[in-house]
Amino acid sequence: MTKILVVDDEASIVKLLQFNLEKAGFQVVTAFDGKQALDMARMEQPDFIILDWMLPKMEGMDVCKTLRQERNNTPILMLTAKDDELDKILGLELGADDYLTKPFSPREVIARVKAILRRTQTTADGTAAPDEVVLQFGEIRIYPEKYEVYRGSEKVELTPKEFELLHYLASHHGRVLTRDQLLNAVWNYDFIGDSRIVDVHVSHLREKLEEDTKNPRYIKTVRGLGYKLEG
């Protein structure tokens, strides 16, 4: 059963999400402050984290940042009462996979969780299927079934969203893809006005894959249009 860690300092929100997630078939563990969230993430090893932005003892964005620094790539959905685009971008820059602004409906939360999980499930034993297709460009290799990426012999640690974006670019090697196309394909719902989400994730990929981020070899910017993958 998929285990979800729900973190919010408002007991009513935690109770609402726990009830609806369990009704949808998920196992739920909870935390009510940032330090407890870190402890639970390390101890329970959830498959997904729903994390409030504003928390006592340690803010949600610091929890997210710490987990990513520890190479914990569990998908994270940030909950925020803030409607400032810069706050949302900051959350994504720190490693969150998605965000949802309060107030929200439990149905929307569950839809977001399922959409992300569908794209991050690996094979049951974590091994590649016999007929798995390996995508390669330059020294970068992508193993879609295992959700793994290698640069030469070194494994590259990517968040689920970073992997999905890279995989989509690689699946359309050499083609120019607009930000709107990437939003629709990778995020799977309407992000009108939030195309910077793509730019943030491209920046993360370049930091992890490129030797020179200012002169990228693989992920090229096509000015006024979007991005394409070469190599």
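This is a short selection-by-selection tour of a predicted model.

**Stop 1: Val6**

Start by selecting Val6, which sits in strand S1. Is Val6 buried or exposed? Its relative accessible area is 1%, and buried means under 20%, so Val6 counts as buried. Now bring up what surrounds it. Skipping neighbours within four places in sequence, Val6 is in contact with Val14, Leu17, Leu21, Val28, Val29, Thr30, Ala31 and Ile50. Then add Gln18 and draw a C-alpha to C-alpha distance: Val6 and Gln18 are 12 residues apart in sequence, and 7.5 Å apart in space.

**Stop 2: helix H5**

Next, select residues 106-118, which make up helix H5. Try a quick sanity check on the helix geometry. At 1.5 Å a residue, the 13 residues of H5 should span 18 Å, and the end C-alpha atoms are indeed 18 Å apart, so the two agree.

Which residues of H5 are buried? Colour Pro106, Val109, Ile110, Arg112, Val113, Ala115, Ile116 and Leu117: these are buried, and Arg112 is one of them. To see what they pack against, show three groups in turn. The strands S1 (3-7) and S3 (48-52) are among the partners. So are strands S4 (76-80) and S5 (98-101). Helices H1 (11-23) and H6 (160-171) also pack against the buried residues of H5. S1 is the strand you just visited, as Val6 is in it.

**Stop 3: H6 against H7**

Keep H6 on screen and add helix H7, residues 179-187. Two packed helices are described by the angle between their axes and the distance between the axes. Here the angle is about 120° and the axes are 10 Å apart. That angle makes H6 oblique to H7. For handedness, H6 passes H7 in a right-handed crossing. Show side chains for the contact: H6 supplies Lys161, Glu164, Leu165, Tyr168 and Leu169, while H7 brings Leu182, Ala185, Val186 and Trp187.

**Stop 4: the sheet of S10, S12 and S11**

Finally, select 177-178 and 219-222, which are strands S10 and S11, along with 226-229 for strand S12. What is the strand order in this open sheet? The order is S10-S12-S11, with antiparallel pairing. S10 and S11 are the edge strands, each pairing on one side only.

Zoom in on S11 and S12: they run antiparallel and are joined by 4 bridges. For one pairing to click on, Thr221 has Tyr227 in S12 as its bridge partner. Last, turn on helix H8, residues 196-209. H8 lies across S11 and S12, and runs at about 145° to S11.

Key
Residues are numbered from 1 along each chain as its sequence is written. This is a predicted model: local features need pLDDT of at least 70, side-chain atom pairs count only at pLDDT 80 or more; totals for chains, interfaces and linings use all residues. Side-chain values use heavy atoms; hydrogens and water are left out. Two strands pair if DSSP finds at least two bridges between them. Helices (H or I, at least four residues) and strands (E, at least two) are DSSP runs, numbered from the N terminus. Contact means heavy atoms within 4.5 Å. Axes are lines fitted to C-alpha atoms, for helices over the stretch in contact, and angles run from 0 to 180 degrees between N-to-C directions. The expected span of a helix is 1.5 Å times one less than its number of residues. Buried means under 20% relative accessible area, exposed over 50%, partly exposed in between (1.4 Å probe, protein chains only). Angles under 35 degrees count as roughly parallel, over 145 as roughly antiparallel, 65 to 115 as roughly perpendicular and the rest as oblique. A crossing is left-handed if the near helix is turned anticlockwise from the far one by less than a right angle, and right-handed if clockwise.
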